[in-house]
Amino acid sequence: MSKFWSSLVSQLKPYVPGEQPKMERLVKLNTNENPYGPSPRVLEAIRAQLDERLRLYPDPESEQLRSVIATCYGVSPEQVFVGNGSDEVLAHIFQGLLKQDRPILFPDITYSFYPVYCGLYGVESQLVPLTGDFEIDPQDYLVPNGGIIFPNPNAPTGRALPLVEVERIVAGNPDSVVVVDEAYVDFGAESAVTLVDRYPNLLVSQTLSKARSLAGLRVGLAIGHRDLVEALNRVKNSFNSYPLDRLAQAGAVAAFEDEAWFNETRQRVMDERARVTLAMTAMGFEVLPSSANFIFARHASQKGADLALRLRERGIIVRHFDKPRIDDFLRITIGTAEQNDELLQALKGLVN
Ligand SMILES: *Cc1c(COP(=O)(O)O)cnc(C)c1O
């Protein structure tokens, strides 16, 4: 606290990201990074940018990137917005589209950045409890609201909502913007991008941080009706005209161009997820069905906080949320086969 802080800053409760420890040789399964690394073509494209052109500002509209994304999803470039990570895209969405007269709706258990943006931008919210099985029930979202946002698959549960259910929420709220945060969609869920041409109130956000393994490059995107995208452009151009630097634009274009790498690595993550789920279930864990690159699991007789601590003593870090309903769960990122083996080995020792 300082007397120089604005009252807004004094009241903020900022997001706390998963730790990025400096220690080497850790099995780091706490922030849902992709263990396989980006396509070699991404690295090549970034290297090709490393010259005196860095003195120039980048393309403020990221036209090439938006056009590659548009082609990839069968939409027009005017329906595509890009930003410095999807966190920035989401921030603009909260400020430009979700600050309305009525409270917005999101699940009680979800991405913990949403309440933080509400605090930053003065957006009122109402939490909608997940069902006892930690699922989103579309029926619960058919009530008056100022907007709706949820991740699909949800985080940190990993559970996906089938596309028809997503459509029920979108179709049932024609006067609200419905934002589907698809950070993990490429690990086994159905994207709602296929619906954007039919629903002018639907906005889908995605990131290159997870399935495309570029968390360090900071690129996120949103796809929707051009009027929604125009709102985001107005916020962006009132905030930072150059959110994506030259390296990020070049690397992101190359990431979308190497579909083989994308498909191969996400398939490997999904295969490993199935193997880890099976092994942990055999050890007495309840593992929620996951369509993401992490699993959310609790043990029948062990406290989540204890397990997280004891894994840590063995050099394995996972995420534990000290929150009602989920404090016995661990959120574990799917790592390489070797990392997953180390995890399973350690868990076996701890639960026996
Ligand atoms: C990781 C994540 C994001 C943010 O991704 P960035 O593009 O790295 O900012 C957004 N939403 C959810 C649900 C996430 O898990």
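These are my notebook entries on pockets, cavities, helix packing and a few backbone oddities in this structure.

**Entry 1: what I'm looking at**

I'm working from a predicted model. I went for the empty space before anything else. Rolling a probe the size of a water molecule over the atoms shows where empty space is left.

**Entry 2: the largest pocket**

I looked up the volume of the largest pocket and got about 660 Å³. Its lining takes in 33 residues, and I noted the ones closest to the centre: Y15, T31, Y111, Y184 and K210. Then I sorted the lining by class, which gave 13 nonpolar, 10 polar and 10 charged residues.

Where does the largest pocket lie relative to domain 1 and domain 2? I checked which domains feed the lining. Domain 1 (18–37 + 260–351) and domain 2 (40–257) both contribute residues, so the largest pocket lies between them.

**Entry 3: the second largest pocket**

Next on my list was the second largest pocket, at about 420 Å³. I count 23 residues in its lining, and those nearest its centre are K13, S112, P115, V116 and K323. By class I get 13 nonpolar, five polar and five charged residues in that lining.

Which element gives the largest share of this lining? That's α5, with four residues. I wrote down two elements that each supply at least two lining residues, β3 (104–107) and α5 (113–121). I ran the domain check here as well: domain 1 and domain 2 each put at least three residues into the lining of the second largest pocket.

**Entry 4: closed cavities**

I moved on to the enclosed space. How many cavities of 30 Å³ or more are there? The count comes to three.

The largest cavity has a volume of about 60 Å³. I listed its lining as F134, E135, I136, N152, N154, T157, R159, A160 and L161. In class terms that lining is four nonpolar, three polar and two charged residues.

The second largest cavity comes out at about 50 Å³. Its lining residues are P38, S39, V42, A211, R212, A255, D258, W261 and F262. I sorted these too and found six nonpolar, one polar and two charged.

**Entry 5: cis peptide bonds**

N152 from the largest cavity's lining turned up again when I went through the omega angles. A cis peptide bond joins N152 and P153, with omega at about -5°. I placed P153 in the loop between β5 (148–151) and α6 (163–171).

I also found a cis peptide bond between A155 and P156, where omega is about 5°. P156 also sits in the loop between β5 and α6.

**Entry 6: an odd phi**

I scanned phi for positive values outside glycine and stopped at S62, where phi is near 45°. I traced S62 to the loop between α2 (40–47) and α3.

**Entry 7: helix pairs**

Two packed helices are described by the angle between their axes and the distance between the axes. I pulled both numbers for two pairs.

For α3 (residues 63–73) and α8 (residues 246–257), I get an angle of about 20° and axes 9 Å apart. Angles under 35 degrees count as roughly parallel, and that makes α3 roughly parallel to α8. I logged the crossing of α3 and α8 as left-handed.

For α4 (residues 85–98) and α7 (residues 226–236), the angle is about 110°, and the axes are 9 Å apart. Is this pair roughly parallel or roughly perpendicular? The range for roughly perpendicular is 65 to 115 degrees, and α4 and α7 are therefore roughly perpendicular to each other. The crossing of α4 and α7 is right-handed.

**Entry 8: quick recap**

I'm keeping a few things from today for reference. The largest pocket, about 660 Å³, lies between domain 1 and domain 2. The loop between β5 and α6 holds P153 and P156, and each comes after a cis peptide bond, from N152 and from A155.

Methods. Residues are numbered from 1 along each chain as its sequence is written. This is a predicted model: local features need pLDDT of at least 70, side-chain atom pairs count only at pLDDT 80 or more; totals for chains, interfaces and linings use all residues. Side-chain values use heavy atoms; hydrogens and water are left out. On a 1 Å grid over the protein atoms alone, a cavity is a set of points where a 1.4 Å probe fits but cannot get out, and a pocket is an open set with protein on both sides within 12 Å along at least five of seven lines; lining residues have an atom within 4 Å of a point. Grid points are joined across faces, edges and corners, and a volume is the space filled by probe spheres set on the points. Ala, Val, Leu, Ile, Met, Phe, Trp, Tyr, Cys and Pro count as nonpolar, Asp, Glu, Lys and Arg as charged, and the others, Gly among them, as polar. Domain bounds come from an automatic or database domain assignment. Axes are lines fitted to C-alpha atoms, for helices over the stretch in contact, and angles run from 0 to 180 degrees between N-to-C directions. Angles under 35 degrees count as roughly parallel, over 145 as roughly antiparallel, 65 to 115 as roughly perpendicular and the rest as oblique. A crossing is left-handed if the near helix is turned anticlockwise from the far one by less than a right angle, and right-handed if clockwise.
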